[in-house]
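Visitor: I would like a close look at one part of this structure, the charged pairs and what surrounds them. Could you walk me through that part and then connect it to the rest?

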Amino acid sequence: QVQLAESGGGLVQAGGSLRLACAASGRTYAMGWFRQAPGKEREFVADINYSGGIITYLDSVKGRFTISRDNAKNTVYLQMNSLKPEDTAVYCCAARSPYGSRSYGPHEYDFWGQGTQVTVSS
């Protein structure tokens, strides 16, 4: 099993920026970020394949958030700019195992982190 540890959350004013990081305990394939606000369903934010060449974003964060990864460090990042109050949520990272031959559905992952709180004040 791969453990994921998120960091970088905090409290910022609207328009501010945060950089989240998720360090994996071992090699992973695709990695992604999800978020969940109180009383809301978990929501996909962004993901990235192993090589970094295929990236997908939630429409509402396009142009504001940037996902990237450093495979030498087994780490994925989420740079969040122009933050809005509606971005407030617990942000969790997720990863796929490099082993096995099973297929994955959209936004399906094997491992999940505990999450880091992001709060954006108006």
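**The salt-bridge network and its surroundings**

Guide: Arg35 is a good place to start: with a relative accessible area of 6%, this residue is buried. Please keep in mind that we are looking at a predicted model. Arg35 forms a salt bridge with Glu43, and their closest N and O atoms are 2.8 Å apart. Glu43 itself counts as partly exposed, because its relative accessibility is 31%, in a scheme where buried means under 20% and exposed over 50%.

Now to Arg64, which sits in the loop between strand S6 (55-57) and strand S7 (65-70). Arg64 is buried, with a relative accessible area of 10%. Its salt-bridge partner is Asp87, with the closest N and O atoms 2.8 Å apart. Because Arg64 lies in the loop between S6 and S7 and Asp87 in the loop between S8 and S9, the pair ties together parts that are 23 residues apart in sequence. Asp87 counts as buried too, at 1% relative accessibility.

The contacts fill in the picture. Leaving out residues up to four places away in sequence, Arg64 touches Gln79, Met80, Asn81, Ser82, Leu83, Lys84 and Asp87. With that same exclusion of residues up to four places away, Asp87 touches Arg35, Arg64, Phe65, Ser82, Val118 and Val120. Arg35 thus appears among the contacts of Asp87, and a network of salt bridges links Arg35, Glu43, Arg64 and Asp87.

The structure holds four salt bridges. One of them joins Lys62 to Asp59, the closest N and O atoms being 3.0 Å apart. Asp59 is exposed, with a relative accessible area of 60%. As general background, side chains of opposite charge can pair when their charged atoms come close.

From the charged pairs, let us move to the strands. An open sheet is formed by four strands in the order S1-S3-S8-S7, with antiparallel pairing. Its edge strands, strand S1 (4-7) and S7, each pair on one side only. On average, and ignoring direction, neighbouring strands of this sheet are turned by 15 degrees against each other. Six bridges join S3 and S8 in the antiparallel sense, and Leu20 has Leu78 in S8 as its bridge partner.

Strand S3 also takes part in a covalent link. A search of the whole structure finds one disulfide, formed by Cys22 and Cys93 with their sulfur atoms 1.8 Å apart. The disulfide is right-handed, because the torsion about its S-S bond is about 45 degrees. This pair links distant parts of the chain, with Cys22 in strand S3 (residues 18-24) and Cys93 in strand S9, 71 residues apart. Both Cys22 and Cys93 are buried. Cys92, by contrast, is in no disulfide; the nearest cysteine sulfur, that of Cys93, is 7.5 Å away. Cys92 counts as buried, at 18% relative accessibility.

Cys93 leads us to one last residue, Trp112, in strand S10 (residues 111-112). Apart from neighbours within four places in sequence, Trp112 is in contact with Leu4, Phe34, Arg42, Cys93 and Ala94. The C-alpha atoms of Trp112 and Leu4 are separated by 6.4 Å, although these residues are 108 apart along the chain. Trp112 is partly exposed, with a relative accessible area of 30%.

Technical notes. Residues numbered from 1 in each chain as written. Predicted model: local features only at pLDDT ≥ 70, side-chain atom pairs only at ≥ 80, totals over all residues. Heavy atoms only, no water. Helix = DSSP H or I, 4+ residues; strand = E, 2+ residues; numbered from the N terminus. Contact = heavy atoms within 4.5 Å. Disulfide = S-S within 2.5 Å. Buried < 20%, exposed > 50% of the residue type's maximum accessible area, 1.4 Å probe, protein only. Pairing = 2+ DSSP bridges. Axes fitted to C-alpha atoms, helices over the stretch in contact; angles between N-to-C directions. Salt bridge = Lys/Arg side-chain N within 4 Å of Asp/Glu carboxyl O.
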